[in-house]
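This report is an introduction for a reader who meets the structure for the first time. Please keep the sequence and the model in view while reading.

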Amino acid sequence: MTRPRLRRRPRAPRPDDPTLLPAPPVAADVLDARLSLLDRQVLDVHGTPVTTVDDLELLAVGREDDASADALIGRDVLVVAVLSGPSLLTRIVGGRAPRSRLHRLPWEIVADVGVGVALAVPGDLLDVTWTERWVRDRLVRRIPGGTHDPG
Amino acid sequence: MSRLLGVALGVLTAIGGFLDIGDLVTNAVVGSRFGLSLAWVVVLGVVGICLFADMSARVAVVSGRATFEVIRERLSPRAAGANLVASFLVTLLTLTAEIGGVALAVQLATAVEPRLWVPLVAFGVWLVLWRARFSIMENVTGLVGLCLVVFVVALVLLRPDWPALGASALDIGPPPGESGLTYAFFAVALFGAAMTPYEVFFFSSGAREEGWTVADLGRARLNVLVGFPLGGLLSLAIAACAAVVLLPAGIAVTSLSQVALPVAQAGGQVALAFLIMGLVAATVGAALETALSSGYALAQFLGWSWGKFRRPAEAARFHLTMIVGLLVAVGVLMTGVDPVLVTEYSVVFSAIALPLTYLPILVVANDPQYMGEHVNSRVVNAAATAMLVVVVLASVAAVPLLLLTGGGT
């Protein structure tokens with residue numbers, strides 16, 4: 001059993017610092033999407049890995065009809081969907097993948113956000129796991145012992 | 001009682017599983033050329049791997065996130081992508097070296113050309129990955145790998161001049177006839193052999209495979225802190241055997257049979273039989289671990305389902321990755337490339353790739369969101385940060401030294 005240890009808390013910026021912008025009004029916990037969502041593991045309802053958060057679909061509150069990036073500036077933002085697809089590549093080399101190449105996981109099926117993003121549905125029902133199913137059904141299941149429980 | 005047995009089993013497995021073809025070959029090469037003057041690097045490497053394995057196992061157990069999920073999440077897309085490519089290639093290179101090592105070890109027993117063994121060995125490795133239970137795989141290879149204690153026995157039987165041997169371990173610097181550059185090159189190689197990245201992917205993912213919880217952390221730490229240093233002692237015994245027998249005879253190790261020479265001279269056929277058993281177990285064990293590690297790295301990075309605890313059909317892309325990895329290794333070995341040479345390069349590239357995985361783990365081991373109260377203590381942080389300097393130095397120095405010394409020749 002480890003002893004509880006004293007920890008230094010991260011030093012918060014002083015609220016009276018004039019170089020800081022005024023803090024945004026806080027309705028709930030503020031989530032830094034880049035830090036706490038992007039590239040996190042997505043798990044299905046059974047805890048099986050599904051994919052990673054490659055990108056997010058965002059919508060500005062009050063301007064739901066405008067999907068351009070400019071509409072987001074200065075407004076409260078809703079996360080509409082978790083996107084999975086070749087956007088890791090486009091985040092490195094620039095550009096944008098066509099929407100048809102991205103798999104959408106609507107935010108309604110997200111159950112919890114912690115060190116991973118937990119879904120409330122089984123992964124097999126989602127389009128994004130089609131490569132897993134393809135490899136499983138065409139190859140792995142056909143090799144003898146492929147469905148054998150290891151232990 | 002069964003608890004004590006479990007602890008003993010874990011420690012013994014850690015000792016037997018510590019050595020792989022990289023440790024075996026590099027320690028013998030270094031012993032035959034530099035005596036024990038590089039023993040300090042083994043000590044440094046063991047301290048490093050203890051810190052690294054302790055942190056990554058703790059991250060995996062406490063947060064439930066394995067090494068490559070953390071790397072993906074903590075680094076920028078570019079750095080994480082480069083990291084995956086480098087780590088995956090180094091792991092494949094190590095897998096190739098291990099499978100070649102098994103073939104060479106079997107050749108010692110059968111005198112049959114290693115290339116005939118390579119496909120059989122790879123198939124056997126795949127079969128274990130496909131069917132065997134994780135704990136059985138770990139314990140069998142680890143325990144049989146303990147046969148490599150024969151190096152310690154051989155060293156005692158050789159009746160070396162112990163005080164002189166001890167003094168030579170403290171005599172840091174290139175021996176006469178060797179340049180400072182080759183000395184530095186082999187220091188980097190030896191460091192890479194002791195601190196191979198795959199060991200860490202494997203150790204952290206293995207904690208998930210075996211379903212460890214926070215309650216098992218003490219046991220995990222014991223395995224690492226007792227098992228790895230004793231494994232390091234075996235490494236030193238290999239170098240010492242080579243230093244006692246091969247160095248005075250002017251034999252520089254270029255093949256696995258030369259690694260076996262001192263043992264055969266000291267203990268005859270019985271010792272040789274133990275050695276071959278140990279060699280096969282150690283290399284098969286490491287081949288299994290590297291094959292799994294290649295699957296872990298890719299699957300965790302891309303968010304696929306992974307793990308031997310699942311049925312192969314439930315981690316299809318993970319198993320496909322390992323199959324392709326094994327096929328690549330067989331393909332490379334079938335070109336007739338010398339497995340010992342592949343090993344020598346794999347340890348140097350391990351040293352190069354090491355900071356890429358070391359840094360993200362160090363960062364996350366300090367992140368309270370992941371670790372809660374189990375973040376690094378100040379002592380671990382101080383040691384781990386000092387080790388980071390060493391890891392980066394070895395990585396930066398590796399390529400220039402490789403080119404300047406022509407691979408140590």
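In which sense, and over how many bridges, do strand 3 and strand 4 of chain A pair?

## The sheet of chain A

The model shown here is a predicted one, and the question above is answered in chain A, where strand 3 and strand 4 (residues 77–84) pair in the antiparallel sense over six bridges. Along this pairing, A:Leu59 stands opposite A:Leu78, which lies in strand 4 of chain A.

The two strands belong to an open sheet of three strands in chain A, which has the order 3-4-5 and antiparallel pairing. Its edges are formed by strand 3 (55–60) and strand 5 (103–106) of chain A, each of which pairs on one side only. From one strand to the next, the twist averages 35°. In general terms, the strands of a sheet pair through backbone hydrogen bonds, and they do this in either a parallel or an antiparallel way.

## The overall form of chain B

Chain B has 17 helices and zero strands. Its C-alpha atoms fill a box of roughly 55 × 50 × 45 Å when this is taken along the principal axes. For 409 residues, a compact globule would have a radius of gyration near 22 Å, and the 20 Å of chain B agrees with that.

## Two packed helices in chain B

Within chain B, helix 15 (residues 339–364) packs with helix 17 (residues 378–405) at an angle of about 150°, and their axes are 8 Å apart. Because angles over 145 degrees count as roughly antiparallel, helix 15 of chain B is described as roughly antiparallel to helix 17 of chain B. The crossing of helix 15 of chain B with helix 17 of chain B is left-handed.

On the side of helix 15 of chain B, the residues that meet helix 17 of chain B include B:Val348, B:Ile352, B:Pro355 and B:Tyr358, while those of helix 17 include B:Leu388, B:Val391, B:Ser395 and B:Leu402. By class, the residues of this contact divide into 16 nonpolar, one polar and no charged.

## Where chain B touches chain A

The contact between the chains takes 30 residues from chain B and 30 residues from chain A. On the side of chain B, at least two residues each are supplied by helix 4 (67–74), helix 5 (77–110), helix 6 (114–131), helix 14 (316–334) and helix 16 (368–371). The largest share of this side, four residues, comes from helix 14 of chain B. Sorted by class, the side of chain B that touches chain A has 12 nonpolar, seven polar and 11 charged residues.

Note on methods
Residues are numbered from 1 along each chain as its sequence is written. Chains are lettered from A and ligands numbered from 1 in the order in which they are written. This is a predicted model: local features need pLDDT of at least 70, side-chain atom pairs count only at pLDDT 80 or more; totals for chains, interfaces and linings use all residues. Axes are lines fitted to C-alpha atoms, for helices over the stretch in contact, and angles run from 0 to 180 degrees between N-to-C directions. Angles under 35 degrees count as roughly parallel, over 145 as roughly antiparallel, 65 to 115 as roughly perpendicular and the rest as oblique. A crossing is left-handed if the near helix is turned anticlockwise from the far one by less than a right angle, and right-handed if clockwise. Two residues are in contact if their C-beta atoms, placed from the backbone, lie within 7 Å. Ala, Val, Leu, Ile, Met, Phe, Trp, Tyr, Cys and Pro count as nonpolar, Asp, Glu, Lys and Arg as charged, and the others, Gly among them, as polar. Two strands pair if DSSP finds at least two bridges between them. The radius of gyration is taken over C-alpha atoms; the globule rule is 2.2 Å times the number of residues to the power 0.38.
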